[in-house]
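Work through the exercises below with the model open. Try each task before reading its solution.

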Amino acid sequence: MIVYNFLFFGLNYYLMNFHNSKMDIGYKVDENRYHRFDEKNHMIYRRLWDKSLSTYKQMFDKNIKDHINSSKEGYTRLDFAFVKAGWTVYEKFPFAFAWEDDSTNNQDYGTDWLKKKHKIKHIESFTNKIKLIAKSYGASLVGIANVNNKWIYKTGFVRPRFVSEDKAKEEIRMGKLDDSSLEHPIEIPKEFNKVIVMAIEMDAKAIATAPAQPAAAAASIAYSKMAFSIACMGEFIRNLGYKAIQCGNDTALSVPLAIEAGLGALGRIGILITPEFGPRVRLCKVFTNIPLKSDEPDYGFIDKVKNTCQSCYECADACENDAISTLPDPKMKRSSISNNPGVKKYYVNVEKCFEFWIKNSSDCGACIAACPFSRIKNHIEPSKFWKL
Ligand code: SF4
Ligand code: SF4
């Protein structure tokens, strides 16, 4: 299930980098080989320009009518309507990924009191309040990390101000723009020295139907929750007179930031595994200049995942397209340009993963459902899901 963080999930996002630490953070980086990621190499964009892919110019609509006409459980019109509608806030809400305030929209509360910076006397206690607020806005988990420039994309797509995801990427998705639209330099100004990383839980019962469509709906709904959570958190910070940059999978690699923020570990599956929900989460983040106390990586859990993945192959066994590594140990050799070079970890074959997504007419999630850390005991038939 790797690709949606790939796609909207970020195919590479999980699949990449990470750095050395005095303590074992679960992956190693060769600083001589590592370089910041170019977003055009994300599978979701590669399908638009990389003619070597079997999925070149293909997307979910390719097989959707055949699925619906087959009346197969979990692939009916009801199922696909459920998935598509789940994306609504993520795709249609223009303010979701803003880098600044829409100052025309503060009339009811006035604007004068917003201009002065709120004094933060006790950073630790204020950080706890930020975490409480993040959960009020919908985050299932929240952590704080220092901004590590290594994880910021080198180049990528920059949204026009206050334009929805759907509108901003309309032409890219239709393949009408040349590669340069995906190659804007990405720089986070130095004053943004903290990042608030939030994880949104995906519904366990829906994920248990994977790769059927209710599992894809769990992901699309979590994406819309991400958009809501980061938009509210960004505005909260601005209301205190500070700055915020709201991001989903864009702008920077979410997985290493989440690990540094203490939210979990990287495993064979190639995405973040959390102690609470396993890999059954979506990630989003807000870069900010507001004073905050950073968290530490969860070294105990990182060690636990490392040891578990050495003898567990559940995610690899669950993948219908053999996209997940069955090697006993992590390797430095990447499997494609969608992975950054110079990172020792388990690589996922994102091309194979995406091929299955096209066949499935959605993301999949079978690997997520299978991981014991997701705490899903049994697969649920889609017909049973609708009766739960
Ligand atoms: S099970 Fe395989 S195809 Fe499905 S999301 Fe995971 S890696 Fe991709
Ligand atoms: S399913 Fe097993 S091998 Fe795969 S990530 Fe989870 S614990 Fe690791």
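Two strands count as paired if DSSP finds at least two bridges between them. The model is a predicted one.

**Exercise 1. Place strand 5 in its sheet.**
Task: Which strands pair with strand 5, and in which sense?

Solution.
- Step 1. Start with strand 2, residues 141-146. Strand 2 pairs with strand 5 in the antiparallel sense, over six bridges.
- Step 2. Find a facing pair here. Val-142 stands opposite Met-198 of strand 5.
- Step 3. Turn to strand 9, residues 281-288. Eight bridges join strand 9 to strand 5, again in the antiparallel sense.
- Step 4. Find a facing pair here too. Ile-200 stands opposite Arg-282 in strand 9.
- Step 5. Check the cover. Strand 5 spans residues 194-201, and seven of its eight residues are buried. In a regular strand, side chains alternate between the two faces of the sheet.

**Exercise 2. Classify Glu-31.**
Task: Is Glu-31 buried or exposed, and where in the chain does it sit?

Solution.
- Step 1. Locate the residue. Glu-31 lies in the loop between strand 1 (28-29) and helix 1 (43-49).
- Step 2. Count neighbours. Glu-31 has 10 other C-beta atoms within 10 Å.
- Step 3. Apply the cut-off. A residue with 12 or fewer is exposed, so Glu-31 is exposed.
- Step 4. Compare sequence with space. Glu-31 and Glu-183 are 152 residues apart in sequence, and their C-alpha atoms are 23 Å apart.

**Exercise 3. Describe the shell of ligand 2.**
Task: How many residues surround ligand 2, and of which classes are they?

Solution.
- Step 1. Count the shell. Ligand 2 is surrounded by 13 residues.
- Step 2. Name the closest. These are Gly-267, Cys-309, Cys-312, Cys-315 and Cys-371.
- Step 3. Sort by class. Nine residues of the shell are nonpolar, two are polar and two are charged.
- Step 4. Trace the helices. Helix 12 (299-311) and helix 13 (314-318) each supply at least two residues of the shell.

**Exercise 4. Judge the overall fold.**
Task: What radius of gyration would a compact globule of 388 residues have, and what does the chain have?

Solution.
- Step 1. List the elements. The chain holds 16 helices and ten strands.
- Step 2. Set the expected value. For 388 residues, a compact globule would have a radius of gyration near 21 Å.
- Step 3. Compare. The chain has 20 Å, which agrees.
- Step 4. Add the extent. The C-alpha trace spans about 60 × 45 × 45 Å along its principal axes.
- Step 5. Check burial. Of the 388 residues, 51% count as buried.
- Step 6. Check contact range. Among contacts with a separation of 6 or more, 81% join residues 24 or more positions apart.

How values were computed
Residues are numbered from 1 along each chain as its sequence is written. Chains are lettered from A and ligands numbered from 1 in the order in which they are written. This is a predicted model: local features need pLDDT of at least 70, side-chain atom pairs count only at pLDDT 80 or more; totals for chains, interfaces and linings use all residues. Helices (H or I, at least four residues) and strands (E, at least two) are DSSP runs, numbered from the N terminus. A residue is buried if 20 or more other C-beta atoms lie within 10 Å of its own, exposed if 12 or fewer, and partly exposed in between; C-beta atoms are placed from the backbone. A residue is near a molecule or strand if its C-beta atom, placed from the backbone, lies within 6 Å of it. Ala, Val, Leu, Ile, Met, Phe, Trp, Tyr, Cys and Pro count as nonpolar, Asp, Glu, Lys and Arg as charged, and the others, Gly among them, as polar. The radius of gyration is taken over C-alpha atoms; the globule rule is 2.2 Å times the number of residues to the power 0.38. Two residues are in contact if their C-beta atoms, placed from the backbone, lie within 7 Å.
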